[in-house]
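Please work through the exercises below with the sequence and the structure open beside you. Each task is followed by a solution that proceeds step by step.

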Amino acid sequence: MSATTGYTSRLLAAAMLLALAACSTTEVASLEEPTAAPMTGQTNDPAPGFENVAAGSEEDFILNVGRRIYFKQDSAALDSVAMATLDNQANWLNRNPTWLLKLQGFADDSGSASKMETLSQKRADAAMAYLASKGVDAKRMWAKGYGNDREVRDCTERSCKVQNRRVVTNLRTQPDAV
């Protein structure tokens with residue numbers, strides 16, 4: 001390779017880099033993606049796409065409060081994490097008194113079907129009693145245990161089974177039909 005050819009190659013590479021540097025992709029990006037809401041850096045900033053969730057809506061409850069609590073195997077006792085979630089639910093429900101709620105209890109497959117149905121009902125009743133103790137009107141709530149009929153996951157690992165030992169708080173606008 002001659003000195004002239006090497007110099008020409010480097011000059012061509014430099015020209016290409018300058019041309020690329022002059023290109024701007026901001027126009028293309030603004031066409032492809034909506035601009036994100038400005039973030040304040042706070043932990044309570046909404047997740048992108050959820051900036052316009054109405055306060056007091058079901059989405060608000062699910063995203064900002066949480067509707068699931070979990071239990072140890074063969075137990076309906078509320079632990080500190082479950083109570084913290086229920087405290088958040090009670091505060092939200094007391095601020096939004098038009099919502100009714102159905103507390104659905106579930107169990108894993110660690111016992112007979114009848115034992116798991118009874119346990120899941122006790123879990124739902126425990127959550128309902130706790131919410132009532134925090135000022136949520138008991139007339140707004142009802143509890144139903146489903147046993148292990150509605151597993152989140154069918155699995156054998158202990159870390160997976162905990163997902164089935166839960167109570168889910170579902171908001172309603174009217175009571176379920178009997």
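**Exercise 1. Surroundings of a phenylalanine**

Task: Which residues does phenylalanine 61 touch, not counting residues up to four places away in sequence, and is phenylalanine 61 buried or exposed?

Solution: In this predicted model, phenylalanine 61 touches Gly66, Arg67, Gln89, Trp92, Thr169 and Leu171 once residues up to four places away in sequence are set aside. The next step is to place the residue, and phenylalanine 61 is found in helix H3, which covers residues 58-64. One of the contacts, threonine 169, is 108 residues away along the chain, yet the two C-alpha atoms are separated by 9.7 Å. Finally, the relative accessibility of phenylalanine 61 is 1%, and because buried means under 20%, the residue counts as buried.

**Exercise 2. The order of the sheet**

Task: In what order do the 4 strands of the open sheet lie, and which of them stand at the edges?

Solution: The order is S1-S4-S2-S3, and the pairing is mixed. Strand S1 (68-70) and S3 stand at the edges with a single partner strand each, so one side of each has no neighbour in the sheet. From one strand to the next, the twist averages 20°. To see how the pairing comes to be described as mixed, take the strands by pairs: S2 and S4 run antiparallel and are joined by 6 bridges, whereas S2 and S3 pair in the parallel sense over 5 bridges. Individual partners can then be located, for leucine 103 has threonine 169 in S4 as its bridge partner, and H4 packs on the sheet, touching S1, S2 and S4, with its direction at about 155° to that of S1. H5 also packs on the sheet, where H5 touches S1, S2, S3 and S4 and makes about 160° with the direction of S3. As a last step, follow the chain through S2, H5 and S3, which make a right-handed β-α-β unit. Although S3 stands at an edge, 4 of its 5 residues are buried, so S3 is largely enclosed by the rest of the structure.

**Exercise 3. The nonpolar core**

Task: How many residues has the largest nonpolar core, and which have the most contacts inside it?

Solution: The largest nonpolar core has 22 residues, and those with the most contacts inside it are Ile69, Leu103 and Leu131. At least two residues each come from helix H4 (80-95), strand S2 (100-105), helix H5 (113-133), strand S3 (141-145) and strand S4 (166-172). H4 gives the most, with 5 residues. Turning to leucine 131, and leaving aside its neighbours within four places in sequence, its contacts are Leu86, Gln89, Ala90, Leu101, Leu103, Val136 and Met141.

**Exercise 4. Charged pairs**

Task: Where in the chain do aspartate 74 and lysine 115 lie, and are aspartate 108 and arginine 165 buried or exposed?

Solution: A search of the whole structure finds 5 salt bridges, one of which joins the side chains of aspartate 74 and lysine 115 at 3.8 Å, N to O. Aspartate 74 lies in the loop between S1 and H4 and lysine 115 in helix H5, so this pair ties together parts that are 41 residues apart in sequence. Aspartate 74, at 40% relative accessibility, counts as partly exposed, and lysine 115, at 43%, also counts as partly exposed. Aspartate 108 and arginine 165 form a salt bridge whose closest N and O atoms are 2.8 Å apart, and both of these residues are buried. Salt bridges that share partners also join Lys102, Arg172 and Asp176 into one network.

Notes:
Residues numbered from 1 in each chain as written. Predicted model: local features only at pLDDT ≥ 70, side-chain atom pairs only at ≥ 80, totals over all residues. Heavy atoms only, no water. Core = buried A, V, L, I, M, F, W, Y, C linked by side-chain atoms within 4.5 Å. Buried < 20%, exposed > 50% of the residue type's maximum accessible area, 1.4 Å probe, protein only. Contact = heavy atoms within 4.5 Å. Pairing = 2+ DSSP bridges. Axes fitted to C-alpha atoms, helices over the stretch in contact; angles between N-to-C directions. Right-handed = clockwise from strand over helix to strand, strands pointing away. Salt bridge = Lys/Arg side-chain N within 4 Å of Asp/Glu carboxyl O.
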